Amino acid sequence: MSSNRSYLAARVSLLILALLLALPVIVVSAHVFLPADDIWQHLTETVLADYISQSLWLSLGVAVGTLVLGVSAAWLTSMCQFPGRGVFEWALLLPMAMPAYIIAYTYTGLLDFAGPVQTLLREWMGWGYGDYWFPPIRSLGGAIVMLTLVLYPYVYLLSRAAFLNQSLCVLDVSRTLGNTPSQTFFRVALPLARPAIIAGLSLALMETLADYGTVSYFGISTFTTGIFRTWFGMGSAAAAAQLAALLMVFVLVLIVMEKLSRRQAQYHHTSRHHQQLKRFQLSASKAWLAFVFCLALLLASFVIPAAQLLQWTLLVADSVIDDAFMTLVYNSLKLASLTALLALFLALLLSYGKRLFGGALVRFAVRLASMGYAIPGAVIAVGVMIPFAWLDNSIDNWSRTNLDFSTGLLLSGTLVAVIFAYLVRFLAVAIQTVESGLGQVRLSMDEAARSLGHSPLAVLRKIHMPMLRGSLLTALLLVFVDVLKELPATLILRPFNFNTLAVKTFELASDERLAEAAPTALAIVATGLLPVIILSIAITRSRQLDSDKA
């Protein structure tokens with residue numbers, strides 16, 4: 001009887017924990033059904049249509065850009081032989097370490113009227129102000145280009161994995177039928193890789209809708225900038241929550257689209273032959289065109305902005321890298337470390353609980369707790385602030401009435417709120433990684449250990465955790481870097497006079513102090529390189545193991 005009670009208590013605790021982590025999403029969603037106030041009426045009559053259209057055009061542009069760049073690069077590095085292919089196959093992932101707002105600041109400094117590119121152009125051509133036209137970087141088109149350059153790796157990564165895992169027999173049949181590499185790509189490989197491509201595109205578009213730093217800096221009216229203006233400019237948390245709820249509808253469409261695409265993956269190919277692929281031997285001219293394409297993409301998306309950041313950092317290092325800079329580093333590392341450790345603990349708890357208890361209710365609760373990654377940071381911040389502010393006010397009112405003193409803000413405006421928002425936003429990253437590792441551990445091992453008298457916690461500690469070291473480390477690193485780059489949630493929820501590397505970079509860039517923003521931006525990029533390199537190595541080793549087994 002006691003064991004049944006313990007089992008039930010553990011199951012209920014797991015459900016409560018999952019619902020607690022899903023609370024911000026539930027709170028924002030509930031605002032869809034609340035009556036509109038005067039500020040919402042004002043928004044619908046003036047700027048809401050602009051928010052919707054700009055967000056849609058931005059998403060459409062990024063979708064086209066990431067598809068063209070990501071799929072093309074994935075096909076060339078996976079299936080074609082050309083100079084430098086071995087370097088490009090991992091180097092093209094490096095832009096994942098470059099937050100979109102940082103590359104936007106960098107290219108603004110390079111391409112603005114006072115930047116080196118236009119300055120040299122005027123000197124060479126003898127032009128003055130108004131004598132020539134130059135594409136404006138601070139525009140919707142500029143934002144599309146910036147976001148495309150840092151988000152194409154999502155499409156590239158999943159497309160390349162799909163191309164590498166396609167059946168060798170199917171590709172050989174295409175060759176024997178006389179199809180050229182381009183015909184094989186369009187008629188065979190591309191349809192087979194469609195679910196993976198759409199999954200990568202969905203991730204890229206979620207990040208596009210979540211972006212605040214780039215669109216705010218370029219002065220583009222999207223949902224994320226609208227949420228900030230409504231909350232801080234108009235002082236209406238309810239209207240901001242309704243904007244956030246409307247944005248969640250867009251995100252939900254992307255999630256449904258990705259799920260429907262993945263559901264059809266089982267119909268694509270059935271052959272299991274995955275020997276070492278025989279890459280297409282391109283002609284000399286096409287091989288060099290492939291080289292130029294990949295090199296230009298790598299230069300534009302990572303090398304040029306990273307080099308510019310390094311140059312600016314060297315110029316201002318003596319005056320900027322001081323005790324205040326080290327405080328920013330400490331604050332950022334502290335938040336990232338605490339969140340990563342908590343996320344890892346919660347992910348292990350929820351994933352193992354899902355494995356242990358099973359059932360539709362537990363699976364739904366864990367999935368609900370994992371929705372945060374698909375929701376923009378600004379939306380999560382709104383969903384955290386509303387219940388935390390209500391709880392603080394309730395406690396304070398009770399304390400004033402019964403104890404005759406004010407408790408102040410216990411949760412709102414503290415690091416507790418910031419870390420909780422981070423956990424809601426990035427827990428899915430850790431859960432997916434841990435579940436992937438747990439999926440490779442056979443259930444028979446659990447049953448054998450339980451038959452020997454080990455408790456579920458003992459099984460987790462003695463069997464699963466040693467086998468999951470790689471997955472746990474990967475989850476820890478991914479959450480750590482995601483937290484380090486997060487901007488909108490930190491801007492809304494951070495305590496007074498508390499800054500991080502991301503916030504300081506945004507503040508300095510917003511004041512047009514781009515060179516002074518370079519050291520903090522470079523620190524974020526350098527830290528982000530570590531999981532990207534680990535991910536590249538893991539993909540390469542995985543493919544080598546598949547080839548060896550075959």
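**Entry 1: the Glu 512 pair.** I began with Glu 512 in this predicted model, and found its side chain in a salt bridge with Arg 138, where the closest N and O atoms are 2.9 Å apart. I then looked up where the two partners sit: Glu 512 belongs to the loop between α23 (501-510) and α24 (514-549), while Arg 138 belongs to the loop between α7 (116-125) and α8, so that the pair links distant parts of the chain, 374 residues apart. For exposure I noted a relative accessible area of 43% for Glu 512, which is partly exposed, and one of 30% for Arg 138, which is partly exposed as well.

**Entry 2: other salt bridges.** I noted a count of eight salt bridges. One of them joins Glu 507 and Arg 494, at 3.3 Å from N to O. Because Glu 507 lies in helix α23 and Arg 494 in the loop between α22 (488-493) and α23, this pair ties together parts that are 13 residues apart in sequence. Glu 507 counts as partly exposed at 25% relative accessibility, and Arg 494 is partly exposed at 23%.

I also looked up Glu 516, which forms a salt bridge with Arg 513, the closest N and O atoms being 2.7 Å apart. Here Glu 516 is partly exposed with a relative accessible area of 29%, and Arg 513 is partly exposed with 38%. Elsewhere, Arg 85, Glu 89 and Arg 160 are joined into one network by salt bridges that share partners.

**Entry 3: the largest cavity.** I turned to internal space, where a search of the whole structure gives six cavities of 30 Å³ or more. The largest cavity holds about 400 Å³ of space, and its lining is made up of 24 residues, of which Pro 99, Ala 100, Tyr 101, Glu 207 and Lys 485 lie nearest the centre. The elements that give two or more residues to this lining are α6 (100-111), α8 (140-164), α10 (181-210), α18 (415-438) and α21 (469-485), and α8 gives the most, with four residues. By class I recorded 16 nonpolar, two polar and six charged residues in the lining of the largest cavity.

**Entry 4: the second largest cavity.** This cavity has a volume of about 50 Å³, and the residues that line it include Asn 331, Tyr 422, Glu 486 and Thr 500. Two or more lining residues come from each of α15 (323-357) and α21, and α15 supplies the largest share, three residues. I recorded the lining of the second largest cavity as five nonpolar, three polar and one charged.

Conventions:
Residues are numbered from 1 along each chain as its sequence is written. This is a predicted model: local features need pLDDT of at least 70, side-chain atom pairs count only at pLDDT 80 or more; totals for chains, interfaces and linings use all residues. Side-chain values use heavy atoms; hydrogens and water are left out. On a 1 Å grid over the protein atoms alone, a cavity is a set of points where a 1.4 Å probe fits but cannot get out, and a pocket is an open set with protein on both sides within 12 Å along at least five of seven lines; lining residues have an atom within 4 Å of a point. Grid points are joined across faces, edges and corners, and a volume is the space filled by probe spheres set on the points. Ala, Val, Leu, Ile, Met, Phe, Trp, Tyr, Cys and Pro count as nonpolar, Asp, Glu, Lys and Arg as charged, and the others, Gly among them, as polar. A salt bridge is a side-chain nitrogen of Lys or Arg within 4 Å of a carboxyl oxygen of Asp or Glu. Buried means under 20% relative accessible area, exposed over 50%, partly exposed in between (1.4 Å probe, protein chains only).
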